[in-house]
Amino acid sequence: MRISQLAERSGVPATTLRFYEGTGLLPADRTPAGYRLYGEDAVERLAFIGAAKHLGLPLGEIGGLLEAWKAGACRDVKADLRPRLAARLAEAEARAAELAAFTASLHAALEHLDALPDRASRCDPGCGFLAPPPPAAAVGTRAVDVVLAPSRQAAEAESERWRTAPVGCSLSGDGLLERTAQWRTAVDGAVRTAVSDGLRLTLPVERTVRVAELAAAEQRCCPFFDFRLHLDGPHLHLEVRAPADGAGLLTDLFGPAA
């Protein structure tokens, strides 16, 4: 096949095919006139490259995989591919945890902003959202704390508003049953430990996104709950607190401490 024919059959632009040749991913023969010629195996080779790119592998690693693929032993490709995919999965999970932490911070900031009075005076540090954010920490190398309280940036007394919030939930009926089922699925298998005013649940870090979403939703309907997410390497520590009147509801939703 000429390069135009291969581009048509594979759906890969000719410019990309030339680039792949330059990087050694797709060798081509040459006619006496200098035109590129490709065999039928080029179509399969391009499909393999496309699949590897879809999994987020860089071209340098794909080149190494192609050597195993060209040798024809599927077990060799499998053995080479598995640690590469595991590394990509760990990176994706770390990014997901960071995104969940950021999303939770935005929810908390938005709720605090909505709770502020509409003053005619200038903004000042009492507004809370003008306070500098805490320094960021990288998931996997340092721990990350996310606090889903009504107001983290305001004064200390204000950040403890969950202690004086009315103990009641705006959900009822099917909505309450559905939320309870969602929580029980999210924290299934958690290691539970008693903490002051509440409970700590230790979970795999892969559940961070779901737990953060549920915690943010729960804060909106049950503001007497205080949620704190602590990301620590492979673990997520979820701390849930409630005032004394809400202790029974906390246990009903999250279970008792061990």
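Helices are DSSP runs of H or I with at least four residues, numbered from the N terminus; their axes are lines fitted to C-alpha atoms over the stretch in contact, and angles run from 0 to 180 degrees between N-to-C directions. The model is predicted, so that local features need pLDDT of at least 70 and side-chain atom pairs count only at pLDDT 80 or more, while totals for chains, interfaces and linings use all residues. Residues are numbered from 1 along each chain as its sequence is written, and side-chain values use heavy atoms, with hydrogens and water left out.

Select residues 173-186 (helix 7) and 208-221 (helix 8): the two pack at about 145°, with their axes 10 Å apart. Next, display the side of helix 7 that supplies Arg179, Gln182, Trp183 and Ala186 to the contact (heavy atoms within 4.5 Å). From helix 8, the contact includes Arg210, Val211, Leu214 and Cys221.

Keep Trp183 selected and add Phe254. These two form an edge-to-face aromatic pair, 4.8 Å centre to centre with 70° between the planes (ring centres within 6.5 Å, the six-membered ring being used for Trp; planes over 60 degrees apart for edge-to-face). The pair links distant parts of the chain, since Trp183 lies in helix 7 and Phe254 in helix 9 (residues 247-254), 71 residues apart. Both Trp183 and Phe254 are buried (under 20% relative accessible area, 1.4 Å probe, protein chains only).

Extend the selection to Phe224, Phe225 and Phe227, which join Trp183 and Phe254 in one aromatic cluster.

Finally, select Arg2 and Tyr35. Arg2 lies over the face of Tyr35, at 4.7 Å from the ring centre (CZ of Arg within 6 Å of the ring centre and within 35 degrees of the ring normal).

How values were computed
Phe/Tyr/Trp six-rings, centres within 6.5 Å; stacked < 30°, edge-to-face > 60°. Buried < 20%, exposed > 50% of the residue type's maximum accessible area, 1.4 Å probe, protein only.
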